[in-house]
Amino acid sequence: MTATTEEKVGGREFTSIILIAVGMKLSDITTTILFESGQTAGWMIPLLSLGFMLIPYAVLISVLKRRPGKGLPEIVFAIGGKFGGTLISLLLFAAALLMTAVTSRGYVDIINVMVYQRTPVYALYLMLMGAAFYVAHRGFLAIARISWLIIFLIEGAIVLLVAIMWQDIDWLRLFPWAGPGVLPIMRTGLMHSAMFGEIILATALVPQVISFKAYRIGSALGFFVSSVKISFLMAVYVCVFDYPEIIHIAYPFQQLTKNTSFGRVFTHAESFFIAFWLLISVIYFAFYIYLLAYLFGHAVRADNHRKLQLPMAGLVLLIGLIPGNTEQVRVYWELLMSYSTWLYWALPFIVWVLDWIWRKRHANSQAKPQANV
Amino acid sequence: MTTQRDGKPELSTLLAANLDRLKRDFAYPVNQSLIIRNLVIASLKRDAAVLYLEGAADIGEIEKRIIEPLLGRTDANFKYADPVEAVRLELVTHRTGKTAGSFDEIVNLMVDGWTVVLIEGVDQALLFQTSGFESRQVAEPIVEHVIRGPKEAFTESAAVNRSLVRKYLRDRHLIAETLNVGDRAASEVTIMYVMDLADPNIVDEVKRRVREVRADAVPSLPLLEQYLDEHPYSLVPSSLQTERPDRACAFLLEGHVILLMDNSPTALVLPVTLWSLIHSAEDHYMRWAYSNFMRIIRLLALFVAVMTPSVYIAVSTFHEEMIPTDLLLAIAATREKVPFPALLEVVLMEFAFELVREAAIRVPTVIGPTIGIVGALILGQAAVEANIISPILVVIVAMTGISSFTIPEPGLNVTVRITRFILLFVAAFMGFYGIALVIACVLAYLTTYTSFGVPFLSPLTPHFRSSADMILRLPLHRERIRPHNLNPQDTVRRPERKAKR
């Protein structure tokens, strides 16, 4: 591993990317929507969702392990042929594209509502996508290195936020702990498991990581810590704002930062947290733009997927501008979540079956000439 | 009459012909720099001539070591029959001495201060290294001065600089290779590195780039630095110049390569990272706690220098709620009388500060203090009293200015100042949103920026093993390994200390 030849992403950097790309969900509309169905037990959903998502992930990993150094698109092309590969890659791409568009629109809405009420949505959106495109254009290495650079600051800021709000937390507000009941919670957890769909999508990036082991450890650690983080912060939201008030708060994270102060002199520290959050959002969407261009580039087998990043940023912007308001964004988000849950569940099994068939055929074709001899 | 071989003019056996040719080459007698001393070597019974360039050669040395022995000896008992060998090995007492057969070689060496001895009946010339260019004494560093630590600085003579480096780093693996750059007037570039430390890839890359420089003349290092730069349009420096031999040696010991040239009182260090640019020479001469305290101050100063004006604009234009209420009222009260928007105020004041700064560098030293008076009184006090700017702004601009002086590297200093202006306009446009977006882009740029293949923010990101000598530093005994981002061949700086008892 030398500095001059280093082109791949190390384990720490990759873990940080996952921590950011997944951990960001604690600050967007995901939490609000989960509280609606999860009520006081909303905080359990991220843990359950990840638990459910681990099943298809384990299936997919068993295939990936057999083909070292290959990412998901390469594998589906190898075992599914041209048609199957393109189809599966495009499906994944479509799911990721729509999710990115809806999520990014959610972020722009937050910025619009919380800070820049007088700036038009499309202007804010354009700037966000512009910056994210530039970061993505500097490459996966840039995203990885920035993530590693700021990951401790991010986690520190979250700890600081919770520490500042500690006196407003009333843990008894978590009760009744099962919320709407154990079974509904399980069902919501299962149906929202696409919230960790990145765990499937990120397997496309295996060849970009220095080793498969680093990838596995990085993704395991990143997803586990992120889900614990999201669920802890959701518990904090409930304990600070109480149920049912929480479901009327559109953006609990931003609302929480609005209540912060540094001592008696600096009574409003929210801009500090918001500025930080904005910086991370850029990295977050840069990661998605990179991933989208990467997936699409593989689907159409383009030589240089970096050239696709600008069209991808534009596409996300255009799709994201379709919803008229935040309410519609939520409806789309819910819809997308349930469809992509199906996709992320089905895909690994399909890949596994295809791989099994491929291996059988391969074994036969290898065995035959031997039998002839 | 001169002969030719391989297209190169060769010396003839006639002294007069050779002299004629050299006179023509140096445009003698129009050019009075060529000094010719005719003499007779009595012991050999031959005519001879000693030639050198005035100003390039050391006259005392020529007289004492070359002319005196040639004329002084009269007996003719030589071991060597060949007159050239006899003169070189038995007559002249100079420490160097070599022969040359072509005029090209002679002329090139004479420009460098060598002395030529031509002997009648011999088609070879004798050359002695007698360079005696005028040069400054080794003086104290001007830019990188320290309170504690050695106080020697490089001078304009590459030979002196090489000797200074060798004095601080007495290692037989310290290599000094020389390459020539410049097609018309070639200058010598010395590449120094520690052979069993520096990554051969980096060394080769540096050599390749130096060889690839195509220019008529590269008289000094700052020009060479720009020729070597892989990102000539970038705001970020990709190499660093130090005037301290001790610092150059510290870099050599980490596996960096340094370049030395005549006429340049600095060493060019390659490759660099952000950390080498923000560190000061003194950091390792102070005890752990003291130097870390200074580093924290400097890091804060870096942030202040980059961010303060833009944060002020963002807060006062978009996020007023952040300012404590009493202060907000106080600022509002003083700003009431100022007719300009906050952005214009800041730009005006920053511009004034940059003016003072530029003027202070350009102005003759004698009238230097005037700048301070004009700057402080007229731009500060009077501007406030005239209600052109508000008092808080003077505080902010002054803070920013002083902070930017703590950045030790002149190149990075300008980077910081330009970035400050970019952020200023972005903040006026979109507040914290704009600042956050631009900072994300700046980080993306910095993390993927490389200097001779080494990532600019390494070993922090991407992570490499190192002794964590980046923002802070460890106590000296714990700085055990070299930073791996330079891929040093020997990674351990000092072996694990054996436990006592």
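Okay, let's start at one pair of residues: Leu179 of chain B has Val189(B) as its bridge partner, over in β9(B). Keep in mind that this is a predicted model. The two strands in question are β8(B) and β9(B), the latter covering residues 187-194, and they pair antiparallel over eight bridges.

Zoom out a little from there. β8 and β9 belong to an open, five-stranded sheet in chain B, ordered β8-β9-β11-β12-β10, and the pairing is antiparallel. Who sits at the edges of this sheet? That's β8, residues 174-181, and β10, residues 240-242, both of chain B, and each of them pairs on one side only. From one strand to the next, the twist averages 30°. Then there's a helix on it: α5 of chain B, residues 158-168, lies across β8, β9 and β11, where β11 is 257-261. Against β11(B), α5 runs at about 150°.

Now, chain B has another sheet for us to look at. It's an open sheet of five strands, with the order β3-β4-β6-β7-β5, and again the pairing is antiparallel. Here the edges are β3 (34-41) and β5 (98-100) of chain B, with each pairing on one side only. Ignoring direction, neighbouring strands in this sheet are turned by 30° against each other on average. Take the β5 end: β5(B) pairs with β7(B), residues 125-129, in the antiparallel sense, and there are three bridges. If you want a residue to click on, Thr99(B) has Leu126(B) as its bridge partner in β7(B). And which helix packs on this sheet? It's α2 of chain B, residues 59-72, touching β3, β4 (46-53), β6 (114-119) and β7. The direction of α2 makes about 20° with that of β3(B).

While we're around β3, have a look at the loop that sits between α1 (15-25) and β3 of chain B, since that's where you find Pro29(B). The peptide bond joining Tyr28(B) to Pro29(B) is cis, with omega at about 10°.

Chain A has one of these too. Tyr243(A) and Pro244(A) are joined by a cis peptide bond, omega about 5°. Pro244(A) is in the loop between α9 (212-241) and α10 (252-258) of chain A. That loop between α9 and α10 also holds Asp242(A). What's odd about the phi of Asp242(A)? Well, phi is positive, about 75°, although Asp242(A) is not a glycine.

Okay, helix packing, back in chain B. You describe two packed helices by the angle between their axes and the distance between those axes. For α12(B), residues 342-362, and α13(B), residues 368-385, the angle is about 170° and the axes are 10 Å apart. Anything over 145 degrees counts as roughly antiparallel, so α12(B) is roughly antiparallel to α13(B). On the α12(B) side, the contact is made by Met349(B), Ala352(B), Val356(B), Ala359(B) and Ala360(B). From α13(B) you have Ile371(B), Gly375(B) and Leu379(B). By class, that comes to seven nonpolar residues, one polar and no charged ones.

Last topic: holes. Rolling a water-sized probe over the atoms shows where empty space is left. How many cavities of 30 Å³ or more does the structure hold? Six. The largest has a volume of about 180 Å³. Its lining is 18 residues, and the ones nearest the centre are Met24(A), Ile154(A), Ile158(A), Phe253(A) and Ile280(A). Three helices of chain A, namely α1 (11-23), α6 (140-165) and α11 (270-299), each supply at least two lining residues. α6(A) gives the most, with six. By class, the lining of this largest cavity is 14 nonpolar, two polar and two charged.

The second largest cavity is about 100 Å³. Here the lining is from chain B, including Ile278(B), His279(B), Thr406(B), Pro408(B) and Met470(B). Helix α10 of chain B, residues 288-317, contributes the largest share of that lining, four residues. Class by class, you get seven nonpolar, two polar and two charged residues around the second largest cavity.

Okay, over to you.

Methods:
Residues numbered from 1 in each chain as written. Chains lettered and ligands numbered in written order. Predicted model: local features only at pLDDT ≥ 70, side-chain atom pairs only at ≥ 80, totals over all residues. Heavy atoms only, no water. Axes fitted to C-alpha atoms, helices over the stretch in contact; angles between N-to-C directions. Parallel < 35°, antiparallel > 145°, perpendicular 65-115°, else oblique. Contact = heavy atoms within 4.5 Å. Nonpolar A, V, L, I, M, F, W, Y, C, P; charged D, E, K, R; others polar. 1 Å grid on protein atoms, 1.4 Å probe; cavity = no way out; pocket = protein on both sides within 12 Å on 5 of 7 lines; lining within 4 Å. Points joined across faces, edges and corners; volume = space filled by probe spheres on them. Pairing = 2+ DSSP bridges.
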